[in-house]
Amino acid sequence: MALRDVKPTRSELINLKRKIKLSERGYNILKMKRDGLILEFFKVLGEAKNSRGDLMEKYEHASEMIALLNTLEGTINIKAAAFSVKATPTIDLKSKNIMGVVVPEIEAASVRKGITDRGYGLIGTSPALDETATAYEELVESVIRSAEIETTMKKLLDEIESTKRRVNALEFKVIPELSEARDFIKMRLDEMEREELFRLKKIKARTSV
Amino acid sequence: MEIAVIGSSEFIVGFRLAGVQKIYAAEDDEKLRKHISTVLEDEEVGILVMESKDLNRIPPRLLSTLENSIRPTVIAIGAQEGGMSLRERIKRSVGVDLWK
């Protein structure tokens, strides 16, 4: 709002004062929200680092196992065993609310299976295959956990960014402009009052002569 | 909800062994792109697992879509720079590099 658009009237002044009060209240609340979000973010950050490290470890282990299995059994046999696995790991999505940010809560169901539930024949395959399958099941579990945490992080970060923008806009743009306009109107009104007074005195001096 | 895996055939076979049904073999860039868009449109997929070295092969626009996508959540696993994009985002939003 540029200064020249401001009409120096009393009603405008009252309006402006009301607006400033509202903006300040909003600013305080948003600032608190930002701080709360950052606190929440710090809580998740530690977990995220752990889950990342865990994921990497599991992945390395699993790829080692599959490489070993490749040499032992050959690609075709692994594929044959893999295609007979029927049970699918399913995930359950629920949502949780952190300071107005809806984050998912992912729950894994039936990732780990017993040896007999896997679907391939036990006699025709080697124990290495079982171990590889277990390694990958662990990896999938870890992926699911990471997915939850990383989604939470992403959402929190987005929210932090927009809240920060809003707080800064209010602090450095909206509130200063409004108070500038208020000061301008006040000054202008005072000036008009003085003019009026002076005029009255002038008239009085002329009539009393 | 289910899990989807996109990657080279050695990468995905292990996930098949763990029971993941939606596995897509991506031998070349063209297929990679096609599979990614299929997965992004699939309502049933909750998590997309990819190889981090594949991320270098897809166009930047698609990459940023993947990074910002929440449903499905994209998880890249592999040798290095796993949490890179998340790290960038933290830097941008919080202003400090907290990922150490």
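Just over half of chain B is tucked away: buried residues make up 55% of its 100 residues. In chain A, buried residues come to 36% of 209. This is a predicted model, and here is a quick tour of the two chains, the contact between them and a few residues to look up on screen.

**Chain B: fold and overall shape**

- Chain B has four helices and four strands, and starting at the N terminus they go β-α-β-α-β-α-β-α.
- A compact globule of 100 residues should have a radius of gyration near 13 Å, and chain B comes out at 14 Å, so the two agree.
- If you lay the C-alpha trace of chain B along its principal axes, you get a span of about 40 × 30 × 25 Å.
- Take the chain B contacts between residues at least 6 apart in sequence: 56% of them join residues at least 24 apart.

**Chain B: surface and charge**

- The exposed area of chain B is about 4,600 Å², with 50% of it supplied by carbon and sulfur atoms.
- On the charge side, chain B carries 14 positive and 16 negative side chains. The centres of those two sets sit 5 Å apart.

**Chain A: fold and overall shape**

- Chain A is built from three helices and two strands, in the order α-α-β-β-α from the N terminus.
- Helix 3 of chain A covers residues 127-208, while strand 1 and strand 2 take up 90-98 and 101-109.
- The radius of gyration of chain A is 34 Å, whereas a compact globule of 209 residues would be near 17 Å.
- The box around the C-alpha atoms of chain A tells you about its proportions: roughly 130 × 25 × 25 Å along the principal axes.
- Even so, plenty of its contacts link distant parts of the sequence. Of the chain A contacts between residues at least 6 apart, 76% join residues at least 24 apart.

**Chain A: surface and charge**

- Chain A exposes about 12,700 Å², and 56% of that comes from carbon and sulfur atoms.
- There are 38 positive and 34 negative charges in chain A, and their mean positions are 14 Å apart.

**Where the chains meet**

- The contact draws on 47 residues of chain A and 41 residues of chain B.
- Together the two chains bury about 3,900 Å² between them, with carbon and sulfur atoms giving 71% of that area.
- Three residues to click on are A:Tyr59, A:Ile91 and A:Lys154: they supply 16% of the area that chain A buries against chain B, more than any other three residues.

**B:Ala18, up against chain A**

- B:Ala18 is in the loop between helix 1 (9-17) and strand 2 (22-25) of chain B.
- Its relative accessibility is 0%, and under 20% counts as buried, so B:Ala18 is a buried residue.
- Setting aside its neighbours within four places in sequence, B:Ala18 contacts A:Ala87, A:Pro89, A:Lys113, A:Tyr136, A:Glu137 and A:Val140.
- Within its own chain, B:Ala18 is 27 residues along from B:Val45, and their C-alpha atoms are separated by 16 Å.

**B:Asp97, towards the end of chain B**

- B:Asp97 belongs to the segment after helix 4 (84-94) of chain B.
- Not counting residues up to four places away in sequence, B:Asp97 touches B:Arg87 and B:Lys91.
- From B:Asp97 to B:Phe15 is 82 residues in sequence and 33 Å in space, C-alpha to C-alpha.

**A:Met99, in a loop**

- A:Met99 is in the loop between strand 1 and strand 2 of chain A.
- The backbone is worth a look here: A:Met99 isn't a glycine, yet its phi is positive, at about 45°.
- With a relative accessible area of 38%, A:Met99 is partly exposed, because that value falls between the 20% and 50% cut-offs.

**A:Met187, in helix 3**

- A:Met187 is part of helix 3 of chain A.
- The relative accessible area of A:Met187 is 59%, which is over 50% and therefore counts as exposed.
- A:Met187 and A:Pro8 are 179 residues apart in sequence, but 9.0 Å separates their C-alpha atoms in space.

Conventions. Residues numbered from 1 in each chain as written. Chains lettered and ligands numbered in written order. Predicted model: local features only at pLDDT ≥ 70, side-chain atom pairs only at ≥ 80, totals over all residues. Heavy atoms only, no water. Rg over C-alpha atoms; globule rule 2.2 N^0.38 Å. Buried < 20%, exposed > 50% of the residue type's maximum accessible area, 1.4 Å probe, protein only. Contact = heavy atoms within 4.5 Å. Areas by Shrake-Rupley, 256 points an atom, 1.4 Å probe, with all protein chains shown as cover. Lys, Arg positive; Asp, Glu negative; His and termini not counted. Charge placed at Lys NZ, Arg CZ, Asp CG, Glu CD. Buried area = accessible area lost by both parts, 1.4 Å probe.
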